[in-house]
Amino acid sequence: MRSTFGGIEISKRSLFSHQAALTTTGHNVANVNTRGYSRQVVDLVAAKPMEAVGMMRSNIPGQSGQGVEFDSITRVREQFLDKQYYNENKSLGQWSVRRDTLEKLEAIINEPSDTGIRQVIDNFFNSWQELSKQPDNLETRAVVKESALALADAFNHTARQLKDLSSDLTDNINVKTTEVNSLLQQIRNLNSEIFRIEGLGNDANDLRDQRDVLVDDLSKVINITVQEEDAGYTIRMGNVELLRGDTAAPFTLDLVNANFISDGTGQLNNGELFGLKYARDKLVTEYQAQLDALLTTIVTNVNTAHKQGYTLKHPVETGGDIFVYQAATTNPPLSFSERVRVSQNITDNVENIAASGRTYVDENGVIRVVKGNNENALRMADIRNQKYSFNTAGIGKIILNGGTFDEFLRAVVGEIGVQTQEATRQATNQQVLVDQVESRRQSVSGVSMDEEMANMIKFQHAYNAAARALTVYDELLDKVINGMGVVGR
């Protein structure tokens, strides 16, 4: 005969198990808006049944069930979707940085517009065209001087903006390097804590969620592969091991520089950090070199043509350099665009501007300048219409070979536009892919309020039923203890 007290134990187990299920459901509901939280479920299993007492085998058929127990509280998570998220998130980080940098480059170049470098160059050669109409007019010469100063200032300003952008990218590289170090240290600490807790037989579900959020953040900064081992996550960047269990290697700028190759063949080949390095070392550097190529070609040809003319000075003087470069006193040296200046001879005295292309010998045999001649002014004005092979040293590719200044600048602006369009397209596509994977992760791991409310009602009824069963067993025992054996007293 089975014991009546067994029913109390069965009811008690049911109460405890469904109370745990209700508590877990409440925990899910409380964290419905928590970033990275994975839905948790209580694994209910039938308790180990008990056979009736007997020397060899009980004559009572079947086994006596012992109710329900909760075996564990587990989180619902799919690693395959996590790995997909890491792969898409790193590309989103890279293309977002490229797009932002190229948009800033577009704003710096500021073309096509009425206030960009192209307009300043046109104004400079237009001033020579005007000077050709009045070669000996000092006011018109002053306009030439001012347009030359404006040209030099425009290149100086643009070069400084590019340098500031490069400095901002350098600062961001330092920040991202520090961020990676911080994330790795936090993941390392969680590895140790999860290993300790789960070594005692408990489920560290919430700590695992925190660790996965950190890995999500890390996957946007650098390209990573994640492998779970007994001691925790092992994280690699390409073939470089960054973290194993409770051991994290220092993530330094030297490590970043050693593993970066602009064509993406290094161990650091994706993520925000790769995008920042690429933007600084490739995009900004390349466009600074293109700006220098344009400037040096202008300066070389303007100075060469100017030396073929004659100033208003007597005795006769040929023209000197209009543009000069300041000495390179810094290391690394400033770019040509930062160092270009208008010659002091021009700024001090506009008579040193060589507009005339002819001289004559007076009655005394003295050589004099034909001050009203405009041959050299016309030659200067015509420089912008000539086609040149631009100096491409340091650029790595020929932007335009055999074109005018205007065509070269338009080629540069066109290339920025195409690259910006492509970066915007890639960033938009990657955002869609990341959102899609995240949506799939949420469909698996996210908390559904409708589902949790249904579970809450289900567990509530089960708990109430177990409590009612316990009451019934209590009444039975009360009858057995207090009511049996008292007949006839």
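How much space lies in the largest pocket? I looked this up before anything else, and I found that about 340 Å³ of space lies in the largest pocket. I note here that the model is a predicted one, and I keep that in mind through every entry below.

**Entry: confidence**

I checked the confidence of the prediction and found a mean pLDDT of 89 for the protein, with 94% of its residues at 70 or more. Among the elements, helix 5 (residues 205-221) has the highest mean pLDDT, at 95, whereas strand 12 (residues 401-403) has the lowest, at 78. I remind myself that where pLDDT is low, the predicted coordinates should not be read in detail.

**Entry: the largest pocket**

I returned to the largest pocket and listed its lining, which is made up of 16 residues, with K163, Q288, P333, S335 and E338 lying nearest the centre. When I sorted the lining by type, I got six nonpolar, six polar and four charged residues. I then looked up which helices take part, and I wrote down that helix 4 (138-199) and helix 7 (271-306) each supply at least two residues of this lining.

**Entry: the largest cavity**

I looked next for enclosed spaces, and the count came to one cavity of 30 Å³ or more. The largest cavity has a volume of about 70 Å³, and I found it lined by I109, Y287, Q290, L291, L294, F408, L409 and V412. The lining of this cavity divides into seven nonpolar residues, one polar and no charged. Helix 7 and helix 11 (405-445) each supply at least two of the lining residues, and helix 7 gives the most, with four.

**Entry: helix 1 and helix 12**

I tested the length of helix 1 (residues 5-30), whose 26 residues should span 38 Å at 1.5 Å a residue, and I found its end C-alpha atoms 38 Å apart, so the two values agree. I did the same for helix 12, which has 35 residues and reaches 49 Å from its first C-alpha to its last, close to the 51 Å expected.

I then asked myself which elements the buried residues of helix 1 pack against. They pack against strand 1 (40-46), strand 2 (68-75) and helix 12 (449-483). The buried residues of helix 1 include S11, L15, H18, A21 and T25, while those of helix 12 are E452, N455, F459, A466 and L477. Looking from the other side, I noted that helix 1 is included in what covers the buried residues of helix 12.

I chose T25, whose place is in helix 1, for a closer look. T25 has a relative accessible area of 3%, which is under 20%, so I count T25 as buried. Leaving aside residues up to four places away in sequence, I found that T25 touches E452, N455, M456 and F459.

**Entry: two details of the backbone**

I looked at the loop between helix 7 and strand 7 (323-325), where P315 lies. The peptide bond from H314 to P315 is cis, with omega near 0°.

I also looked at N110, which lies in the loop between helix 2 (79-109) and helix 3 (117-131). Phi of N110 is near 55°, a positive value in a residue other than glycine. Is N110 buried, exposed or partly exposed? I recorded a relative accessibility of 31% for N110, and therefore I count N110 as partly exposed.

Terms used:
Residues numbered from 1 in each chain as written. Predicted model: local features only at pLDDT ≥ 70, side-chain atom pairs only at ≥ 80, totals over all residues. Heavy atoms only, no water. pLDDT = per-residue confidence, 0-100. Expected span 1.5 Å × (residues − 1). Buried < 20%, exposed > 50% of the residue type's maximum accessible area, 1.4 Å probe, protein only. Contact = heavy atoms within 4.5 Å. 1 Å grid on protein atoms, 1.4 Å probe; cavity = no way out; pocket = protein on both sides within 12 Å on 5 of 7 lines; lining within 4 Å. Points joined across faces, edges and corners; volume = space filled by probe spheres on them. Nonpolar A, V, L, I, M, F, W, Y, C, P; charged D, E, K, R; others polar.
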